[in-house]
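Please open the model in your viewer and keep the sequence panel visible. The tour proceeds from the whole chain to individual elements and then to single residues.

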Amino acid sequence: MEYIHQTENFQFHNSAVALGKFDGLHRGHQLIFDQLLEYKKQGYQTVVFSFDRPPVNTLKSENYHMIYSKEEKERLLAKKGMDVLIEHPFTKEFSKLSPRDFVTEVLIKKVGMKILVVGDDCGFGYKRQGNVELLKEMQKEYDFKLIVIPKLELNGGIVSSSRIRSLLREARIEEANSLLSSPFLVYGPVVQGNHMGKDILGVPTANQIPNPEKLLPPNGVYVSRITIKNQVYYGISNIGVKPTIEGKKHMGVETYILDFDKNIYHKPISVELLCFKRPEMKFESLDCLSRQMKEDAIFARDWVIEQGLI
C-alpha cells in the first residue's frame, strides 16, 4: 500500500475513495472499506483519505489521543487491501477550505475520485459545513458516484469510535474488540527493558514503548495475542510503569509470551489485548511480583484454552 503523508503534492486517477477520520477502524468503517474492495475488483484504485492529526488538535490545541497510531493504521489498512492511504496535513489554512473547493480541488483533481464512499454523518470543509446533502448535489454536477453507508448498530448501540474509546478507558476490552474489525493492538519494536524478567523474575518479557499520541486502556494486566513474523503466540501483557521495580518510570507494554524464549530485541511485534485480568499494582518484593506474574500466565493459558484459541 502506498502511504502519502507530510505532503500536499500527489496525483491519482480513477479512484474509489473513502473519506473520514477512521479512528479505530471499527466494524462500521469496515462496511465502507468493503464497498471500496468491490470497486477494486472493477479496476478502480482504492484510496483512504484522512488527515495527519485530529482536527481538534489544530483548531482547539487539544491533545486528542488516537485509538491507533499512524503506523498501526497504515498496517491495518494495508492488510484490508487498500491501495493508498492519504493522511493530508491538517493545517489552519487547510481548515478554511470550503466544502465545495475541498471536493473539486482535492478529491476530484488530486485524488482522481470517481467513486466516493462516506458514512451518513460525514462532515468536511470549513467548520464541517459539507455534508451528504451537498455531496448528493455535487455528484450530478461533477459526475462521480456517491455511496452513503448508514451507521451500524451492534450490541445495543451505534458502533462509533467514541463508544470504543469509552470502553477502552474502562478496560472493557472484550466489548471494545466486539466493535472493532480486529482486536485492539499495540504495534512496535521490542526495546531494552530492565533485564530483570528472565534472570531475576524467571519470566522473560518483551517490552514496547507505545506512541505517546496513542490511547491506552487503564494500567493493568491483559491476556494478549502476539504476532511475530506472521507467527501467532499468546501471553500476558502489563500496561503501565512497573511500580515494583526501581528506576526511571515510563509508560510501557511488557509482555510475557507463553512457550517462547527467543531474542526479539529491535524486532517489531503486534500485541493484541484480548481480556482484562487485573489492575497494575505494587508488590512488597520481587519474589511476590514473580509469583503473581506466573499466576497471571497460568490464567492467560487457561483463558485462551477456554476460548478455543489453542
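## The whole chain

Begin with the entire chain, which contains nine helices and 14 strands; helices (H or I, at least four residues) and strands (E, at least two) are DSSP runs, numbered from the N terminus. This is a predicted model, in which local features need pLDDT of at least 70 and side-chain atom pairs count only at pLDDT 80 or more, while totals for chains, interfaces and linings use all residues. Residues are numbered from 1 along each chain as its sequence is written, and side-chain values use heavy atoms, with hydrogens and water left out.

Display the C-alpha trace and turn it along its principal axes: it spans about 70 × 40 × 35 Å. The radius of gyration, taken over C-alpha atoms, is 22 Å, which agrees with the value near 19 Å for a compact globule of 310 residues. The globule rule used here is 2.2 Å times the number of residues to the power 0.38.

Next, colour the residues by burial. Buried residues make up 50% of the 310 residues; buried means under 20% relative accessible area, exposed over 50%, and partly exposed in between (1.4 Å probe, protein chains only). Among contacts between residues at least 6 apart in sequence, 73% join residues at least 24 apart, a contact being heavy atoms within 4.5 Å.

## Helix α1

Select residues 27-40, which form helix α1. Its 14 residues should span 20 Å at 1.5 Å a residue, and its end C-alpha atoms are 20 Å apart, which agrees; the expected span is 1.5 Å times one less than the number of residues. Show the side chains of Gly 28, His 29, Gln 30, Ile 32, Phe 33, Leu 36 and Tyr 39, which are buried in α1. An α-helix has 3.6 residues a turn, so residues three or four places apart point the same way.

What covers the buried residues of α1? Add β2 (15-19), β3 (45-51), α3 (70-79), β5 (113-119), β6 (145-149) and α7 (161-169), which are included in that cover.

## Helix α5

Move to residues 99-108, helix α5, where Pro 99, Phe 102, Val 103, Thr 104, Val 106 and Leu 107 are buried. Their cover includes β2, β3, α4 (92-95), β5 and α6 (132-142).

## Two loop residues and their distant partners

Select Leu 258, in the loop between β13 (252-257) and β14 (268-279). Is Leu 258 buried or exposed? Leu 258 is buried, with a relative accessible area of 6%. Leaving aside residues up to four places away in sequence, Leu 258 touches Tyr 233, Tyr 234, Gly 235, Ala 297 and Arg 301. Draw a C-alpha to C-alpha distance to Ala 297: the two residues are 39 apart in sequence and 7.4 Å apart in space.

Then choose Lys 282, in the loop between β14 and α9 (286-306). Lys 282 is exposed, with a relative accessible area of 60%. Its C-alpha atom is separated by 7.7 Å from that of Lys 242, 40 residues apart along the chain.

## Two positive phi values

Finish with the backbone. Gln 6, in the loop between β1 (2-5) and β2, has a phi near 60°, a positive value in a residue other than glycine. Gln 6 is exposed, at 70% relative accessible area. Ala 171, in the loop between α7 and α8 (173-179), has a positive phi near 65°. Ala 171 is buried, with a relative accessible area of 11%.
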